Amino acid sequence: MASMLHLFLLLSCFMVAATASGSGFQSKNEYLFGKIDMQIKLVAGNSAGTVAAYYLSSKGSTWDEIDFEFLGNLSCDPYILHTNVFSQGKGNREQQFYLWFDPTADFHTYSILWNPKRIVFFLFVTPIREFKNSESIGIPFPKNQPMRIYSSLWNADDWATRGGLVKTDWTQAPFTASYRNFKADACVWSNGKSSCTSNSPSSSSWLSQELDTAGQERLKWVQKNYMIYNYCSATKRFPQGLPAECSSTS
Ligand SMILES: *[C@@H]1O[C@H](CO)[C@@H](O)[C@H](O)[C@H]1NC(C)=O
C-alpha cells in the first residue's frame, strides 16, 4: 500500500441523483488477528452527508467485520465516530462517540487491536471501546475468518448527518480524506495458514494484550464523557432484552 493515499468524493451537480458514489482501497493481505494502525485526516470544512469508513471485513454471508465510520458534519459541528462489530453476519452493536480533538486539522492514529480474547478500538493510545470474546455465553466472536482492511469515502446523506436531515453540499466537492503510515502488526493469512506460529516471538505480545488498569480507566473516561450512543443501553430498541454480551462487556 502506498504510504499516503487520498480518497476523493467528486460528483458534479447533475450527478447528484446517483445513489452511491465514492472511492476506496483495500489491503492485499488477509489477516487473522492483528494490531492495525492507520493515520487519517478527515474531510475538512463542510463534510455533512459524507462518511469515511475504515474497517476490517471477511467475505460471505456470515462475515465478520470491525468498523470505524466517521460521519461528516457542517463546518464547526462535530463529527460522529460510529463503531460496530459483526460476528457471523450479525451486527447491531453500534457505539457512537464525539471526539475530543478536531479530526480534520491533522492526522490522528486510529487503531484496532484484534486478538482471540478481545477487540479494542483505540484513538492513538486511548481505548474507546472493548468487545470481549463472550463465546462462553454463546456469542460468536470473530476468530475463524481472515479479514482484509478496507477504506472508503462515500455519500450517505440519506442517514449520516443529523439522521439524514443535512444533505451533502456538492458545491463543496471534491471532498478529500487522507491516509498515511498504515501499519499492520498482524498474522497474515495465506493458503489456509497463519504467519503466526504457536511459538511466535514476544514481538506479537498484542496476541494476548489486554487493557491494564490505566487503560480501563481511560476507557471509562471516554465512555462517560464522549459516548453518545450505546446499543447496550438501548432498551427500547431491544424489547426482548438487551443482547447477552451487554451484561458481560462494558
Ligand atoms: C452534527 O452537528 C449536530 C449539531 O451540533 C449534532 O447534533 C450532530 O450529532 C452532529 N453530527 C452528525 C454526524 O450529525
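This is a short dialogue about reading features of a predicted model.

Biologist: Before we begin, what should I know about this model and its numbering?

Modeller: The model is predicted, so local features need pLDDT of at least 70 and side-chain atom pairs count only at pLDDT 80 or more, while totals for chains, interfaces and linings use all residues. Residues are numbered from 1 along each chain as its sequence is written, and side-chain values use heavy atoms, with hydrogens and water left out.

Biologist: Which residues surround the ligand?

Modeller: A residue is near a molecule if one of its heavy atoms lies within 4 Å of it. Here the ligand is surrounded by Leu71, Gly72, Asn73, Asp77, Pro78, Ile80, Tyr98, Ala160, Thr161 and Arg162.

Biologist: Which atoms of Asn73, Tyr98 and Pro78 lie by the ligand's polar atoms?

Modeller: A polar contact is a pair of N or O atoms within 3.5 Å; within protein, one must be able to donate a hydrogen and the other to accept it, and residues adjacent in sequence count only if both atoms are side-chain atoms. Asn73 places a polar side-chain atom 2.5 Å from an oxygen atom of the ligand. For Tyr98, a side-chain N or O atom is 2.6 Å from a ligand oxygen atom. Pro78 instead uses a backbone N or O atom, 3.1 Å from a nitrogen atom of the ligand.

Biologist: Is Gln223 buried or exposed?

Modeller: Buried means under 20% relative accessible area, exposed over 50%, and partly exposed in between (1.4 Å probe, protein chains only). Gln223 has a relative accessible area of 14%, so this residue is buried. The Gln223 side chain also reaches the backbone oxygen of Ile128 at 2.9 Å.

Biologist: And is Val125 buried or exposed?

Modeller: Val125 counts as exposed because its relative accessibility is 56%.

Biologist: What should I look for in the backbone angles?

Modeller: Most residues other than glycine have a negative phi, and most peptide bonds are trans. In this model, Phe33 has a positive phi of about 85°, and this residue is buried at 11% relative accessible area. Asn92 also has a positive phi, about 60°, but Asn92 is partly exposed at 41%.

Biologist: Where is there a cis peptide bond?

Modeller: Look between Ala173 and Pro174, where omega is about 5°.

Biologist: How far apart are Val125 and Glu245 in sequence and in space?

Modeller: They are 120 residues apart in sequence, and their C-alpha atoms are 25 Å apart in space.
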